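Dear colleague,

I am handing over the structure below for your consideration. My findings follow it, and I would be grateful if you could read them alongside the structure.

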Amino acid sequence: MTTATTNCTRGRLDGQLLVPGRAGYDEARTVWNAMVDRRPRMIIRCASVGDVVTAVRTARELDLEIGVRCGGHSALGLAVPDDGLMIDLTPMGGVRVDPVRRRAWVQGGALLGALDRASQQHGLATTAGNVSHTGVGGLTLGGGMGWLARQYGLACDNVVSFEMVTADGNVVRTSRTENPDLFWGLRGGGGNFGVVTEFEFRLHPVGTLALVAEYTFPLERALPVLRTWRDLNAQAPRQATFTASVERGDLVTVGFVWVGDPEQGRRLLPAMRALGRPVTERVFVSSYVELQRRDDTVGRHALRRYSKGHYLRQLPDKAIEAFLMRGTVDGHRENLPGVGLQAYGGAISDIADQDTAFSHRDTLFEWGTGASWTDPAEDQARKAAARHCAAALEPFASGVYVNALSDEGAEGVRRAYPPGKLARLVALKNAYDPHNVFHLNHNIQPDRP
Ligand SMILES: Cc1cc2nc3c(=O)[nH]c(=O)nc-3n(C[C@H](O)[C@H](O)[C@H](O)COP(=O)(O)OP(=O)(O)OC[C@H]3O[C@@H](n4cnc5c(N)ncnc54)[C@H](O)[C@@H]3O)c2cc1C
């Protein structure tokens with residue numbers, strides 16, 4: 001038996017080795033999407049960088065497929081390899097903040113909530129997503145959109161350095177000056193190049209408060225409302241992120257989330273009120289930490305899930321109509337998936353497109369649809385409705401967010417990265433992972449064996 005494998009099996013891990021039948025195994029292989037039910041041959045619950053090195057080397061020695069788990073939110077459950085080795089980073093969930101230098105050092109298995117809580121103790125934050133049980137790992141490596149992105153850029157734009165374990169089991173650091181090619185690729189290229197064990201983030205003095213404004217209209221009155229809301233978005237300050245959604249009951253909600261002084265945010269309310277008379281109006285001040293947890297229940301674990309996304313560079317009236325109709329077939333609107341729009345722009349588009357692997361910085365809105373249900377008998381119908389809904393918006397799409405991909409395969413990866421970017425990502429993959437050891441992701445395939 002080789003050293004790495006012996007280290008695992010003789011209990012020389014700081015963390016834990018789980019195999020089928022062992023207590024904790026089923027819990028560790030359970031991820032966000034309840035449709036995922038795969039059984040790894042072994043799960044290494046890593047508690048240190050050394051454990052990650054051992055895990056990568058063990059998988060390579062035993063020729064096992066590797067899945068890397070942080071928050072477990074991958075729509076396809078890519079963290080869980082059937083009969084492979086799952087590198088479970090969840091024990092590495094720590095966050096350390098230096099409030100004077102405005103930096104956070106975040107372990108590779110941390111959840112967004114841990115980052116937000118630690119930073120907010122000092123009135124600081126960096127861009128993180130909208131559901132606190134999402135992993136910092138997957139979110140940041142794909143880009144990382146959140147309520148602060150229009151002010152401070154995406155999560156990946158705020159990374160100062162990464163520590164990563166390579167496909168050979170070596171530990172490397174990367175920043176703008178150290179291995180800059182890798183630094184470019186880790187900011188948007190996903191989990192293709194190695195296992196990130198630490199992220200160093202820049203933090204910003206955002207205060208601790210947010211303002212949320214939501215106005216709900218019946219579908220039949222929504223078209224002019226959406227048009228005006230879109231036009232207002234063009235003038236919106238960076239503290240505001242405009243949102244719109246269509247949910248069950250054909251109710252259409254538009255509004256914005258403001259991070260910063262709520263009184264300043266209130267200056268947008270008269271324009272919102274001029275949209276028309278809503279069925280309901282909700283305007284409330286929230287703590288930033290509470291805002292970051294607001295969608296935790298809607299986005300909870302244990303449901304069957306299917307989702308699709310598009311980036312939109314423009315939102316013409318026809319796209320608004322398609323958004324409202326949600327892919328309706330023959331007037332039937334039961335079981336239609338929920339749809340949403342979230343504004344991009346601001347600091348996201350200040351950064352030059354070639355600066356990071358993340359692409360489509362000229363996006364105006366991200367469109368997304370998500371279906372959730374519990375009965376396996378509904379799987380096909382629910383997926384078909386979501387696909388139909390996405391197809392209706394596709395003519396207006398300019399690309400897709402890699403973290404919004406589900407089962408699109410190589411075609412999805414080509415939509416996430418324009419050809420020049422993809423070529424550069426392939427060159428980086430050739431250099432760091434020529435054997436495609438890390439392929440359970442939205443895969444950049446090396447062009448060398
Ligand atoms: C409920 C919900 C809400 C979401 N909200 C947002 C949002 O507001 N903004 C946004 O931008 N996205 C959002 N997303 C999308 C999210 O960014 C992706 O699903 C992302 O992949 C989740 O990362 P994870 O670590 O939780 O998932 P995991 O399934 O654990 O990881 C996904 C993939 O990321 C890679 N990976 C994860 N951690 C590491 C690591 N440390 N080193 C190397 N590779 C790693 C692996 O390839 C892994 O397969 C949301 C998703 C869900 C389900």
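The exposed residues Q380, A381 and A391 sit on the face of helix α14 that is turned away from its buried side. Please bear in mind throughout that this is a predicted model.

On the buried side, α14 contributes A385, A386, C389, A390, A392 and L393. Viewed down the helix axis, the buried residues of α14 fall within an arc of 160°, so they line one face of the helix. Among the elements that cover these buried residues are β16, α12 (317–325), β17 and β18. The helix itself, residues 379–393, lies across β16, β17 and β18, and runs at about 5° to β16. Its length is also consistent with expectation: at 1.5 Å a residue, the 15 residues of α14 should span 21 Å, and the C-alpha atoms at its ends are 22 Å apart, which agrees.

The strands beneath this description belong to an open sheet of seven strands, in the order β15-β12-β14-β13-β17-β18-β16, with antiparallel pairing. At its edges are β15 (280–287) and β16 (304–312), each of which pairs on one side only. On average, neighbouring strands of this sheet are turned by 15° against each other, direction ignored. Within the sheet, β17 (residues 338–343) and β18 (residues 365–373) pair in the antiparallel sense over six bridges. A343 has F365 of β18 as its bridge partner.

I turn next to the nonpolar core. In general, nonpolar side chains tend to be buried together in soluble globular proteins. The largest nonpolar core here has 130 residues, of which I44, V56, I87, L115, V136 and F323 touch the most other members. Setting aside residues up to four places away in sequence, I87 touches I44, C46, V52, A55, I66, G67, V68, R69 and V195.

One of these partners, A55, deserves a separate word. A55 lies in helix α3 (residues 49–62). Is A55 buried or exposed? A55 is buried, because 32 other C-beta atoms lie within 10 Å, where 20 or more are required. Apart from neighbours within four places in sequence, A55 is in contact with I44, C46, L85 and I87. A55 and I87 are 32 residues apart along the chain, and their C-alpha atoms are separated by 6.6 Å.

Yours sincerely

Terms used:
Residues are numbered from 1 along each chain as its sequence is written. This is a predicted model: local features need pLDDT of at least 70, side-chain atom pairs count only at pLDDT 80 or more; totals for chains, interfaces and linings use all residues. Two strands pair if DSSP finds at least two bridges between them. Helices (H or I, at least four residues) and strands (E, at least two) are DSSP runs, numbered from the N terminus. Axes are lines fitted to C-alpha atoms, for helices over the stretch in contact, and angles run from 0 to 180 degrees between N-to-C directions. Two residues are in contact if their C-beta atoms, placed from the backbone, lie within 7 Å. The expected span of a helix is 1.5 Å times one less than its number of residues. A residue is buried if 20 or more other C-beta atoms lie within 10 Å of its own, exposed if 12 or fewer, and partly exposed in between; C-beta atoms are placed from the backbone. The arc is that of the directions from the helix axis to the C-beta atoms. A nonpolar core is a set of buried Ala, Val, Leu, Ile, Met, Phe, Trp, Tyr and Cys residues joined through C-beta atoms within 7 Å.
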